[in-house]
Amino acid sequence: MVQKLFKQMVISQIVSAMAVMLCLVIDSIMIGRFLGTDAMAAYGLANPVLLIFAAFGSLLSSGIQVVCSRAMGTGDEEKINRCYSLSVIIAVSVSLVGVAVVIIFADPLCRLLGAKEGTVVFRLTKDYLIGFVLGAPFFIAAQILVPFLQMSGQRIRLVVAVLSMTVADVGFDLLNVFVLKKETFGMGLASTVSYVVAVAIGIVYFFRKSCIYKFSFKNLGNGLFKEIAKGGVPTMVNQVSLVLLVFLVNKTMMRVGDEIAVAAYSIVSTIANIGYCIGNGISEVTLMLGGISYNEEDEQSLSEIVKQQTLFSVVINFIVMIAFLVLADPLVSLFVKPEALEQSQAVFGLRMFALCLILSSINAAFKKYYQSINMIHFSESIAVVQNLIFPAVVVIIFSAIFGTKGVWFYYMIGEALSLIYISIYVWRKSKKKFGSHDSYVCLPEDFGASPGEAIEMEINDLSEIQEAAVEASEFCIEKGVSKKKAMYTALCIEEMSNNIVSHGFVKGKDNQIDIRLVHKGGEELIVRIRDNCKGFDPVKYYQMTKPDMDDPTKHIGIRMVFKMTKDVKYVNSLGLNCLTMKI
């Protein structure tokens, strides 16, 4: 099911990753085409501030995914709801503080970014920052809604929200250019309105009765904020490193070139952000599925995740790389007029960026994978070397030798050095063959069930249920489990699978039940049943029907299951039902 889930999630996650950057790209195109080089340079100088807000949103989004995926792996639905409530409160509070800080300290902030006071670029930079920052709460809200909508299976809603936001931004940008004429302030404000549109579409789900999340002010303490922050730290480190790198490149371009070089870098960075969305989308799927599989101690699924993330990184990015190489000229022309001086520099820079896409996506996916399996410090170190140290060294050395042209080499060389760093680290840690698949999976020898201590079964129709039950019983007996407990295990699988097929299967849909049985040693057995059918919580149903349990003719099957199990947990995640039973 991992392979199928990865395919289902990756496209919507890539589109969702674009939600944060799409308005910035549209603003950049409109600014370059209609407002000129000074406005484009101002937009480039403002980028680090925009990335700081994106960094905070990414911290929350990533932390949410880490905490919730772990909760899904253990069936802790209450923790998922607490995470949802706390993240909403944090996002609103911090984004409002951020708005106030940028508005109050706009002038010193523009000076710090490199804009010279009294110039047109200074005024345009300040105007764009203020126009954009008014929508910061919605900008951050768009980021934290994405994982919750993805976890609840609302992938179509995500795509609709992104498309609506795009249409709104184009419309309001054109309104600003041709009617309101508010220059960069109007462009920033157009982004604000567009994020409001996207959030409005996404937030509707959270007010529906079918919403799996329940907001509450209760039980928000107990270290949950610390856990979210810790889970999001690698992403925060990644974004902060990127902010510092953009700051360094802007300064270098201004030092060895001029405003035209900065404008060219701004164009390439904007197009690059869309290219990076592919790697970011793939890596977010890796983080979510990896976290669930790690907490289920499912080594086979983690191995499959590494295969899928690499496959998608290579295939999708190869196509995009070719497109960028071939279409570099017309893509840059979207941002500037053909006679613009920054055209040739930006075309060269975009082609250099295109060459790093596959490596960048692979590195980003590994970064999230190691975060998902709790190798936090290693994940953070990848972020720093990939987005700061290696690129910065290349920028400093190559700019001194080749001038502005040399700066562009940091894309390819930085990513290549980062993959070498990852490969050497996991080879030394895993002690597996250098460059082998097992070395990149990088799990300890004692992780999860030892070989032969777990079996996986797939059920696609009613006829396969009995076969799965027999296979489970034989597996238990083979492991020395008592015949009575082996029978209990088979009956639990048979009863719950029958319920799913009878009441959950939807005609015409690719229905599937995925069963994993783990022998934990001695007489301890754990059964995990996951399906992509209609939502049904047997734990809640059992609690609701307890008053009827005195009647022996009612709810026989589910009552039998709960009597034969020590613990039963249910969670709905990624649009799937997941039931975990300890026999």
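Buried means under 20% relative accessible area, exposed means over 50%, and partly exposed lies in between (1.4 Å probe, protein chains only). By that scale Trp-427, at 38% relative accessibility, is partly exposed.

This is a predicted model, in which local features need pLDDT of at least 70, side-chain atom pairs count only at pLDDT 80 or more, and totals for chains, interfaces and linings use all residues. Residues are numbered from 1 along each chain as its sequence is written, and side-chain values use heavy atoms, with hydrogens and water left out.

## Aromatic pairs

Rings of Phe, Tyr and Trp (its six-membered ring) pair if their centres lie within 6.5 Å; planes under 30 degrees apart are stacked, over 60 edge-to-face, and the rest tilted. The whole structure holds 30 aromatic pairs. One of them joins Tyr-84 and Phe-215 edge-to-face, at 6.4 Å centre to centre and 90° between the planes. This pair links distant parts of the chain, 131 residues apart. Tyr-84 sits in helix H3 (residues 77-104), while Phe-215 sits in the loop between helix H8 (183-203) and helix H9 (224-256). Helices (H or I, at least four residues) and strands (E, at least two) are DSSP runs, numbered from the N terminus.

Tyr-84 is buried, with a relative accessible area of 10%. Phe-215 is partly exposed, at 37%. Trp-427 and Phe-434 also pair edge-to-face, 5.6 Å centre to centre with 90° between the planes. Phe-434 is partly exposed at 46% relative accessibility.

Tyr-84 and Phe-215 also belong to a cluster linked by ring pairs. Its other members are Phe-148, Tyr-205, Phe-206, Tyr-213 and Phe-217.

## Salt bridges

Side chains of opposite charge can pair when their charged atoms come close. Here a salt bridge is a side-chain nitrogen of Lys or Arg within 4 Å of a carboxyl oxygen of Asp or Glu. A search of the whole structure finds 12 salt bridges. Among them are these three.

| Salt bridge | N to O distance |
|---|---|
| Arg-123 and Asp-127 | 3.7 Å |
| Lys-368 and Glu-284 | 3.2 Å |
| Asp-298 and Arg-528 | 3.5 Å |

Arg-123 and Asp-127 both lie in helix H5 (residues 120-133), four residues apart, about one turn of the helix. An α-helix has 3.6 residues a turn, so residues three or four places apart point the same way. Arg-123 is partly exposed at 36% relative accessibility. Asp-127 is partly exposed too, at 22%.

The salt bridge between Lys-368 and Glu-284 spans two helices. Lys-368 lies in helix H13 (residues 357-372) and Glu-284 in helix H10 (residues 259-295), so the pair ties together parts that are 84 residues apart in sequence. Lys-368 is buried at 8% relative accessibility. Glu-284 is buried at 14%.

Asp-298 and Arg-528 form a salt bridge that links parts of the chain 230 residues apart. Asp-298 is in the loop between H10 and helix H11 (299-333), and Arg-528 is in strand E3 (residues 524-531). Both residues are buried. Salt bridges with shared partners join Asp-298 and Arg-528 to Glu-456, Asp-514 and Arg-516 in one network.

## Helix H7 and its nonpolar patch

What should the 26 residues of H7 span at 1.5 Å a residue? The expected span is 1.5 Å times one less than the number of residues. That gives 38 Å for H7, and its end C-alpha atoms are 36 Å apart, which agrees. Buried residues of H7 include Leu-158, Ala-161, Val-162, Met-165 and Val-177. Lys-181 follows H7 and has a positive phi, near 55°.

A nonpolar surface patch of about 680 Å² is made by Phe-34, Val-170, Phe-172, Leu-174, Leu-175, Phe-178, Val-179 and Leu-180. Patches take residues with over 30% relative accessible area and no salt bridge, joining like charges within 9 Å and nonpolar side chains (Val, Leu, Ile, Met, Phe, Trp, Tyr) within 5 Å. Accessible areas come from the Shrake-Rupley method with a 1.4 Å probe; for residues, only the protein chains shown count as cover. H7 (residues 155-180) gives the largest share of the patch, seven residues. Val-170 is in H7 and is partly exposed, with a relative accessible area of 31%.

## Cysteines

A disulfide is a pair of cysteine sulfur atoms within 2.5 Å. The structure holds zero disulfides. Cys-578 has its nearest cysteine sulfur, that of Cys-533, 13 Å away. Cys-578 is buried, with a relative accessible area of 3%. Cys-442 is buried at 4%.
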